[in-house]
Amino acid sequence: MIQFSKNLMPRPYRRVSVQKIEGPLDEKNLVNYFNGKEAFMATDYIVVKGQGTAVLMVEKEERKEALFSKIVKTQIISLPKNCHYIQDEVVDVGNPSHLTRKFWDLNLSEDSTLVVEGAYGHVNFIHKPSPLKLKVIDLVPPKTSRLYDLVLKAIELADLPPILLEADFIDVNDIAKESGFKDCIFPCRASGLEAPGETFFLDEHPAKNKAPLIGCERTEQIYQHFYGEKPQRVETCPQKIKSKGKIAQITRCCLLQDSTNMEENRGIIPWGGNVHHVISVLEKLCEVNQIPWEKN
C-alpha cells in the first residue's frame, strides 16, 4: 500500500461512495473486485463494508461529462485492521474538526482511519488526523466567551485543517476577589461581573473614588482621560496573564484596531474582532505549526 498523507479527508463528501462486498477485504481482493468496474462521475473514494471496513481511492478513465466511467486504478488507503466505522448522527461529516474530535474521543491509534455515518446519514472519513491543538484564551464572564464562539464559527465556515480546541478562560470575578479589594471598577457592564463589595463600571463614568480598576492598558488610558490621573489597576490582559507555550494560542487585545497580530505561536485579534479576523489567525497558526492539509 502507498502511504497517504495525514489529514486526508474528502471534500465534499459526495466524492465518497459506500459499497458492500462479500469475502475478505484484503488488498488483492479489493483491487481485483473494483478494477474494471464503473464508478459515478463524482466518486473518488470508496468505503467498502463487509468483513470489516476498508477505504479506497480510485482513478477512472478520462471521459468528459460521462456519468459513469471505468475504474482503471484502485489504491488502498486503509484495511480493516486500522479502519473503524461508527454511526453518530451528531457529527457533521463535512467538518474535519468534528471528525477529528470523534477520532480523539474514541482514542484510536494515530495511524488509523475513522469512517463516520453522521448527520443526515451522510458518510465520510478522515485518515491519520493530525490536528492543530489550540488554546482559546479569553476573559469571562459572560460565558461562554465571544472568542470561543467565533473560533467555532470559523471552523464551520472556512476550509481549515482539523482543529482541537481547549478553553483557557480567565475569570475576571476571580481576579477581583483575589485582588484583596472589596469595591472595584470594571471596564464595562457585562453579564455576571460583580465585585466582592460595590461594583462600578468605567463606561458609566462613575464619580471618582478609591476603588481599583480591574482592567488592561487601554482601560487605564480611558480612566486617565476621565479623571486626569493613573488608577490603581489590577491586570486583566490575557497576553500578560497567560505565558506563551508550545501549544498554539488565540486571544484578543484592546490595543488592536482592525488588524491581527502574531507573536510566535500566539495569534491575536482585535477585542471587537469578527470571524474573518479569526480565520486569518487560524490559517497562520496552521502554517506555523505545519499542519498537513490539501486545499480543494
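Which side chain does the side chain of Asp 138 join through a polar contact of 3.0 Å? Keep that in mind as we look around this predicted model.

## Asp 138 and its surroundings

The partner is Ser 145: its side chain and that of Asp 138 are joined by a polar contact of 3.0 Å. Asp 138 is part of strand S9, and it is buried because its relative accessibility is 0%, under the 20% cut-off.

Setting aside neighbours within four places in sequence, Asp 138 also touches Arg 146, Leu 147, Asp 168, Phe 169, Ile 170, Arg 252 and Trp 271.

## The nonpolar cores

Strand S9 turns up again in the largest nonpolar core, which has 24 residues. Leu 134, Val 151, Ile 163, Ile 250, Val 278 and Leu 282 have the most contacts inside this core. Two or more residues come from each of strand S9 (132–140), helix H3 (146–157), strand S10 (163–171), strand S15 (248–253) and helix H7 (275–288). H7 contributes the most, with seven residues.

Take Ile 163 as an example: beyond four places in sequence, Ile 163 touches Ser 97, Pro 131, Leu 132, Leu 134, Ile 155, Leu 282 and Cys 286. Another core, of 13 residues, lies apart from the largest one and includes Ile 137, Ile 170, Phe 201 and Val 234.

## Where H3 meets H7

The axes of H3 and H7 come within 9 Å and cross at roughly 70°, so the two helices are roughly perpendicular. On the H3 side, the contact is made by Leu 147, Leu 150, Val 151, Lys 153, Ala 154 and Leu 157. H7 brings Val 275, Val 278, Ile 279 and Leu 282. By class, this contact has nine nonpolar residues, one charged residue and no polar ones.

Technical notes. Residues numbered from 1 in each chain as written. Predicted model: local features only at pLDDT ≥ 70, side-chain atom pairs only at ≥ 80, totals over all residues. Heavy atoms only, no water. Core = buried A, V, L, I, M, F, W, Y, C linked by side-chain atoms within 4.5 Å. Buried < 20%, exposed > 50% of the residue type's maximum accessible area, 1.4 Å probe, protein only. Helix = DSSP H or I, 4+ residues; strand = E, 2+ residues; numbered from the N terminus. Contact = heavy atoms within 4.5 Å. Axes fitted to C-alpha atoms, helices over the stretch in contact; angles between N-to-C directions. Parallel < 35°, antiparallel > 145°, perpendicular 65-115°, else oblique. Nonpolar A, V, L, I, M, F, W, Y, C, P; charged D, E, K, R; others polar. Polar contact = N/O pair within 3.5 Å; in protein donor to acceptor, adjacent residues only side chain to side chain.
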